[in-house]
Amino acid sequence: MYDTKATYLACPAQCFCVDFGVYRGESIGYLDDLNLGDMYQMKRDAPWTEVMASDEDATGFDLHLAANAPVQTLTTLARLIFMTTTGRRADVCVTMSDGHLFLVSEQPLQSGAEYVLIDIERCDADFTPYVVPAPAVVPQPVVQTGSNVIPLHAHG
């Protein structure tokens, strides 16, 4: 159970990198980039922002960016359990908002510490994906010379 009145911390998942494992040296950009047994580290100076659980099941977190801005909802996609190499446990939620992944936890993950992923529990995310429309294709003008059609950008 999550406390809806407690403050949690969120950080862009791109600040979390694979130190040893399948995608070594890569930042986390997708949920599928996480693999059991891989070792991860936070980048130095990773920005942590306060968020609030939107319900007791932590299906989402609310991020208040500014008083005059709408609340940004972070939808929980998975719950992760990490163990540090010193034996400490770290529970983290992987969340998504506007196509970007965030990590949410009670305490910030420490830069320089090594975190081994020992469990992934995927959640049934209740959100509707959206499609960004493709830019309109503008036809290129052509010049007609006799029976040959030559695009304006062609040389020779």
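Good morning. In the protein chain, 57% of the contacts between residues at least 6 apart in sequence join residues at least 24 apart. Please bear in mind throughout that this is a predicted model. The chain has 156 residues, and 32% of them count as buried. Its secondary structure comprises eleven strands and zero helices, so that, read from the N terminus, the order of elements is β-β-β-β-β-β-β-β-β-β-β.

Let me turn to the pairing of strand 1. This strand covers residues 7-12 and is joined to strand 4 by four bridges, with the two running antiparallel. Within that pairing, Thr7 has Met52 of strand 4 as its bridge partner. Strand 1 also pairs with strand 8, again in the antiparallel sense and over four bridges. Here Pro12 is matched with Phe102 of strand 8.

Phe102 appears again in the surroundings of Gln72, a residue of strand 6, which spans residues 72-84. Beyond its neighbours within four places in sequence, Gln72 is in contact with Phe61, Asp62, Leu63, Leu65, Ser97, Asp98 and Phe102. The side chain of Gln72 also makes a polar contact of 2.8 Å with the side chain of Ser97. Is Gln72 buried or exposed? Its relative accessible area is 17%, and Gln72 is therefore classed as buried, the limit being under 20%.

Asp98, one of the contacts of Gln72, deserves a remark of its own. It is placed in the loop between strand 7 (89-97) and strand 8 (100-105). Its phi is near 50°, which is a positive value in a residue other than glycine. Asp98 has a relative accessibility of 54% and so counts as exposed, for which the threshold is over 50%.

A second aspartate calls for a similar check of the backbone. Asp45 is not a glycine, yet it has a positive phi of about 60°. Its position is the loop between strand 3 (39-42) and strand 4 (49-53). With a relative accessible area of 78%, Asp45 is exposed.

Next, the cysteines. How many disulfides does the structure hold? The number is zero. As a reminder, a disulfide is a covalent bond between the sulfur atoms of two cysteines. Why does Cys15 form no such bond? The closest cysteine sulfur, in Cys11, lies 4.1 Å from the sulfur of Cys15, and this is too far because a disulfide requires the two sulfur atoms to be within 2.5 Å. Cys123 is likewise in no disulfide, and the nearest cysteine sulfur, belonging to Cys93, is 6.8 Å away. As for its surroundings, Cys15 is buried, at a relative accessible area of 13%.

Finally, I come to the largest pocket. The space in it amounts to about 380 Å³. Its lining consists of 23 residues, and those nearest its centre are Ala90, Asp91, Val92, Ser105 and Glu106. Two or more lining residues come from each of strand 6, strand 7, strand 8 and strand 9, the last of these being residues 115-122. Which strand gives the most to this lining? That is strand 7, with five residues.

To close, I would recall three points. The chain is built of eleven strands with zero helices. Gln72 is a buried residue, with a side-chain polar contact to Ser97. The largest pocket takes the most lining residues from strand 7. Thank you for your attention.

Definitions and conventions
Residues are numbered from 1 along each chain as its sequence is written. This is a predicted model: local features need pLDDT of at least 70, side-chain atom pairs count only at pLDDT 80 or more; totals for chains, interfaces and linings use all residues. Side-chain values use heavy atoms; hydrogens and water are left out. Buried means under 20% relative accessible area, exposed over 50%, partly exposed in between (1.4 Å probe, protein chains only). A polar contact is a pair of N or O atoms within 3.5 Å; within protein, one must be able to donate a hydrogen and the other to accept it, and residues adjacent in sequence count only if both atoms are side-chain atoms. Contact means heavy atoms within 4.5 Å. Two strands pair if DSSP finds at least two bridges between them. On a 1 Å grid over the protein atoms alone, a cavity is a set of points where a 1.4 Å probe fits but cannot get out, and a pocket is an open set with protein on both sides within 12 Å along at least five of seven lines; lining residues have an atom within 4 Å of a point. Grid points are joined across faces, edges and corners, and a volume is the space filled by probe spheres set on the points.
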